[in-house]
Amino acid sequence: MSRTSAAAIKHTWISDFKEITKMRLALSVVFSSVAGYLLGVETVDYATLLLLALGGYFMVGASNAYNQIIEKDLDVLMDRTKNRPIPAGRMTVQTAFIIATIFTVLGIAILYSINEQTAMFGAISIFLYTCVYTPLKTKTPLAVFVGAIPGAIPFMLGWVAATDDFGIEPGVLFALQFFWQFPHFWAIGWFLYNDYKKGGFFMLPTGKQDKGTAVQTIMYTVWTVLVSIVPVFGITGQLKLSIVAGSIVFSLGLFMLYYAIQLFKKMTEKAAKQLMLASVSYITLIQIVYVVDKFIR
């Protein structure tokens with residue numbers, strides 16, 4: 001085998017490994033967990049922070065690999081997924097299952113080394129995503145509600161890793177990211193509606209690209225914005241937010257709400273894609289604001 005061929009095979013394997021574990025998504029989840037940890041900790045323990053990042057990545061990677069195993073026959077039908085490693089024939093189900101299983105064991109073990117509650121929530125996340133959310137996607141739009149639970153765990157998981165306690169603080173972090181999931185995923189479901197339809201997935205609350213879906217998207221965006229500023233009022237225990245930071249968070253929320261309203265007005269795939277991009281920017285920026293505010297307050 002020539003060096004060029006060997007390099008090409010290595011490149012393909014690395015690319016497939018990234019795709020089967022959805023590396024970019026996993027890293028965004030790790031970012032949320034790290035933000036939650038920094039919010040909850042008094043003194044940063046970099047060893048714990050590293051364990052949290054590794055354990056979180058393994059858990060998300062395992063969930064994504066299991067998801068692609070379960071949906072392999074449906075992925076073939078959709079343009080956005082037909083070139084994934086399993087439907088494209090570049091990776092066997094057995095190989096994907098081995099990766100998912102190893103990641104699950106490593107993820108739970110690493111999170112358990114931090115504390116038992118962190119491991120428990122990590123295990124709940126992978127179970128709900130794989131065994132409940134994934135099968136429900138072809139059955140009912142309520143799948144998004146179920147999927148929002150594991151999707152909201154990472155932000156509060158960091159706090160639990162830092163404190164070994166689940167109280168109002170991680171509860172608020174969970175609620176914030178929980179409500180955010182709906183406009184984010186409904187925006188994706190909107191502009192990928194026709195592709196999802198090929199696979200038989202029900203992602204929009206009304207099942208259609210209609211005013212009903214757009215109105216619910218606005219409503220959940222409003223809930224997201226309201227929850228995000230609750231720490232300003234001093235009723236969330238050790239989770240606090242200064243008035244200045246709260247004003248910035250609120251302004252970012254209005255930015256996201258603007259695009260949700262634009263979706264209602266325009267009802268186009270372009271508007272949905274803009275909302276999706278705005279939602280990603282929003283959740284990333286407010287987590288940064290929360291953390292920065294804590295350390296400079």
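Thr81 sits in the loop between helix H4 (72-75) and helix H5 (93-114). In this predicted model, Thr81 is buried, with a relative accessible area of 0%. Buried here means under 20% relative accessible area, so a value of 0% places Thr81 in that class. Setting aside residues up to four places away in sequence, Thr81 touches Asp75 and Pro87.

The overall fold was examined next. The secondary structure comprises 12 helices and zero strands. Along the sequence, the pattern reads α-α-α-α-α-α-α-α-α-α-α-α. The radius of gyration of the protein is 20 Å. The globule rule gives 19 Å for 297 residues, and the two values are close, so the protein is as compact as a globular protein of that length. Taken along the principal axes, the C-alpha atoms fill a box of roughly 60 × 50 × 35 Å.

Contacts and surface add to this picture. Among contacts with a separation of 6 or more, 73% come from residues 24 or more positions apart. Buried residues make up 49% of the 297 residues. The protein exposes about 13,900 Å². Carbon and sulfur atoms supply 68% of that area. The protein has 23 positive and 16 negative charges. The mean positions of these two sets are 11 Å apart.

Two further buried residues lie within helices. Ile110 is found in helix H5. Its relative accessible area is 15%. The limit for a buried residue is under 20%, so Ile110 counts as buried. Beyond residues up to four places away in sequence, Ile110 touches Leu51, Leu54, Gly55 and Phe58. A spacing was also computed between Ile110 and Arg24. These two residues are 86 residues apart in sequence and 21 Å apart in space, C-alpha to C-alpha.

Thr134 belongs to helix H6 (residues 116-136). Thr134 is buried, with a relative accessible area of 3%. A polar atom of the Thr134 side chain lies 2.8 Å from the backbone oxygen of Tyr129. Tyr129 also appears among the residues that Thr134 touches, once residues up to four places away in sequence are left out. The others in that list are Asn67, Ile70 and Glu71.

Helix residues with some exposure were considered as well. Phe31 is located in helix H2 (residues 23-40). At 35% relative accessibility, Phe31 counts as partly exposed. This class lies between the buried limit of 20% and the exposed limit of 50%, so a value of 35% fits within it. Neighbours within four places in sequence aside, Phe31 is in contact with Thr284, Gln287 and Ile288. Phe31 and Thr284 are 253 residues apart in sequence. In space, their C-alpha atoms are 8.4 Å apart.

Lys265 lies in helix H11 (residues 243-266). The relative accessibility of Lys265 is 58%. Exposed means over 50%, so Lys265 counts as exposed. A long sequence separation was examined here too. Lys265 and Ile20 are 245 residues apart along the chain, and their C-alpha atoms are separated by 37 Å.

Backbone angles were then inspected in the loops. Most residues other than glycine have a negative phi. Lys22 has a phi near 50°, a positive value in a residue other than glycine. Lys22 is placed in the loop between helix H1 (3-20) and H2. At 23% relative accessibility, Lys22 counts as partly exposed.

Asp164 also has a positive phi, with a value near 55°, and is a residue other than glycine. The loop that holds Asp164 runs between helix H7 (143-163) and helix H8 (168-191). Asp164 counts as partly exposed, at 41% relative accessibility.

Conventions:
Residues numbered from 1 in each chain as written. Predicted model: local features only at pLDDT ≥ 70, side-chain atom pairs only at ≥ 80, totals over all residues. Heavy atoms only, no water. Helix = DSSP H or I, 4+ residues; strand = E, 2+ residues; numbered from the N terminus. Rg over C-alpha atoms; globule rule 2.2 N^0.38 Å. Buried < 20%, exposed > 50% of the residue type's maximum accessible area, 1.4 Å probe, protein only. Contact = heavy atoms within 4.5 Å. Areas by Shrake-Rupley, 256 points an atom, 1.4 Å probe, with all protein chains shown as cover. Lys, Arg positive; Asp, Glu negative; His and termini not counted. Charge placed at Lys NZ, Arg CZ, Asp CG, Glu CD. Polar contact = N/O pair within 3.5 Å; in protein donor to acceptor, adjacent residues only side chain to side chain.
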